[in-house]
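Here are my notes on this one, in the order I'd click through it. Have the viewer open while you read.

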Protein chains: 2
Amino acid sequence: MSKYDCLKLENQLCFPLYACAKAVTRHYKPLLDEFDLTYTQYITMMVMWEKKSASVKEIGECLYLDSGTLTPLINKLESKGYIEKHRSDDDARGVVVTITEAGKKLRDKMVKVPNAMGGCVALSEKEAKELYTLLYKILGHFDEIDSEV
Amino acid sequence: MSKYDCLKLENQLCFPLYACAKAVTRHYKPLLDEFDLTYTQYITMMVMWEKKSASVKEIGECLYLDSGTLTPLINKLESKGYIEKHRSDDDARGVVVTITEAGKKLRDKMVKVPNAMGGCVALSEKEAKELYTLLYKILGHFDEIDSEV
DNA sequence: ACAAAATAAATTGCATACAATTTAATTGTA
DNA sequence: TACAATTAAATTGTATGCAATTTATTTTGT
């Protein structure tokens, strides 16, 4: 019951969040290594599989990443042959990223990844849904705060 | 209802976890900038405030970090004057990290940080507790898996 | 129309993360 | 007790993250 209790690791919510996120991406690694993708590259491909085509800005909005992270990452995905980038015709400031045929084929190979990963997370369907809701509630609030600027 | 649904970003549990952890540490930044600490340095100080003295290995076990991350980080905290490191007398392989007086004083100054941060996370007491439980459940399961090796 | 403000990427710099390797020291064991 | 196996940090190398700056382009306000 000290005034310092609030500074104890075990009383933080941020710490298990931080540790858990790291643990998850760490456990993704062996699964993704087979495809020569990192976790960030993997979720970038998820955006591309859904959108087929998107600007760096749009990808960044989906993933909460900025061009400082995305530019080199997109270059790597391009060199692997999964996407292509070219200047936008409409707006020469923008870059349009497009998925390639190889990128589309990769989707078929990776369909089994989420399930393999799901096995590692020891939550019931109900718990997973709860966690999902709570996390998006926090994210939503941060989005509000950030847009208020 | 496609077989690719499992690869949609919105159907992932890992993604909000990843995004949320980043958002939290990002929102910690302005609070921690005042003290010239990064988030990782901050949680390392939390360990030191509780233990007063610990090996690099012990700190790593608390924070799920290895020496590759901790060695340079501990050097920085030492150069800031908050901790000291010296070889262990018992086992010359080990390094013992000890908190300094300046490090102890820092604790007083930072007592208000968790509360300031709590205001950013839009959860009720009950929701926060639920989230806490779920996150530690996942972490615990990963710990089990990892120790089985 | 045109200078100023805003925007999109890219670049730069710093601080993690973490796998893999190296170095030094300690333990276990034949 | 030699000596192989193990262990603790440090080192090396790659890949993020993100703030801040730069560059090129587009919008805006007059």
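1. Start in chain A, where Ser55(A) sits opposite Val96(A) of E3(A). That pair belongs to the ladder between E1(A) and E3(A), which is antiparallel and has 3 bridges. Bear in mind throughout that this is a predicted model.

2. Val96(A) is worth a second look, as this residue of E3(A) is also the bridge partner of His86(A). That takes us to E2(A), which is joined to E3(A), residues 95-99, by 5 bridges, again in the antiparallel sense. Another pair to click on is Glu84(A), with Thr98(A) as its bridge partner in E3(A). As background, strands of a sheet pair through backbone hydrogen bonds, and the pairing can be parallel or antiparallel.

3. Put together, that gives an open sheet of 3 strands in chain A, ordered E1-E3-E2, with antiparallel pairing. Strands E1 (53-55) and E2 (83-87) of chain A are at the edges; each has a single partner strand, so one side of each has no neighbour in the sheet. From one strand to the next, the twist averages 25 degrees.

4. What lies across E2 and E3 of chain A? The answer is helix H4(A), residues 67-79, which runs at about 120 degrees to E2(A).

5. Now hop to chain B. Its sheet is open too, with 3 strands in the order E1-E3-E2 and antiparallel pairing. E1 and E2 of chain B are the edge strands, each pairing on one side only. The twist here averages 25 degrees from one strand to the next.

6. For the pairings in chain B, E1(B), residues 53-55, is joined to E3(B), residues 95-99, by 3 bridges, and the two run antiparallel. Ala54(B) is a handy marker there, standing opposite Val97(B) in E3(B). On the E2 side, E2(B), residues 83-87, pairs with E3(B) over 5 bridges in the antiparallel sense. To find that ladder, pick Ile83(B), whose bridge partner in E3(B) is Ile99(B).

7. Still within chain B, have a look at how H2(B) packs on H4(B), residues 67-79: the angle is about 75 degrees and the axes are 10 Å apart. At that angle H2(B) counts as roughly perpendicular to H4(B). Thr40(B), Gln41(B) and Thr44(B) make the contact from H2(B), and Leu73(B), Lys76(B) and Leu77(B) make it from H4(B). Sorted by class, this contact has 2 nonpolar, 3 polar and 1 charged residues.

8. How are the two chains related? A rotation of 180 degrees, with 0.0 Å of shift along its axis, superposes chain B on chain A, and the RMSD is 0.0 Å. This is the relation of a two-fold axis. Both copies use the same surface, with 100% of the contact residues of chain B recurring in chain A.

9. On to the interface itself, which takes 51 residues from chain B and 52 residues from chain A. On the chain B side, the elements giving two or more residues are H1 (14-33), H2 (39-51), H5 (101-110), H6 (113-118) and H7 of chain B. Which of them gives the most? That is H7(B), with 14 residues. The class split for the side of chain B that touches chain A is 39 nonpolar, 4 polar and 8 charged residues.

10. Last, zoom in on one helix pair across the interface: H1(A), residues 14-33, against H7(B), residues 125-147. They pack at about 40 degrees with axes 9 Å apart, an angle that makes H1(A) oblique to H7(B). Their crossing is left-handed. From H1(A) the residues are Pro16(A), Leu17(A), Ala19(A), Cys20(A), Ala23(A) and His27(A), and they meet Tyr132(B), Leu135(B), Tyr136(B), Ile138(B), Leu139(B) and Phe142(B) of H7(B). By class that comes to 11 nonpolar, 1 polar and no charged residues for the contact of H1(A) with H7(B).

Note on methods
Residues numbered from 1 in each chain as written. Chains lettered and ligands numbered in written order. Predicted model: local features only at pLDDT ≥ 70, side-chain atom pairs only at ≥ 80, totals over all residues. Pairing = 2+ DSSP bridges. Helix = DSSP H or I, 4+ residues; strand = E, 2+ residues; numbered from the N terminus. Axes fitted to C-alpha atoms, helices over the stretch in contact; angles between N-to-C directions. Contact = placed C-beta atoms within 7 Å. Least-squares fit on C-alpha atoms with pLDDT ≥ 70 in both. Parallel < 35°, antiparallel > 145°, perpendicular 65-115°, else oblique. Left-handed = near helix turned anticlockwise from the far one by under 90°. Nonpolar A, V, L, I, M, F, W, Y, C, P; charged D, E, K, R; others polar.
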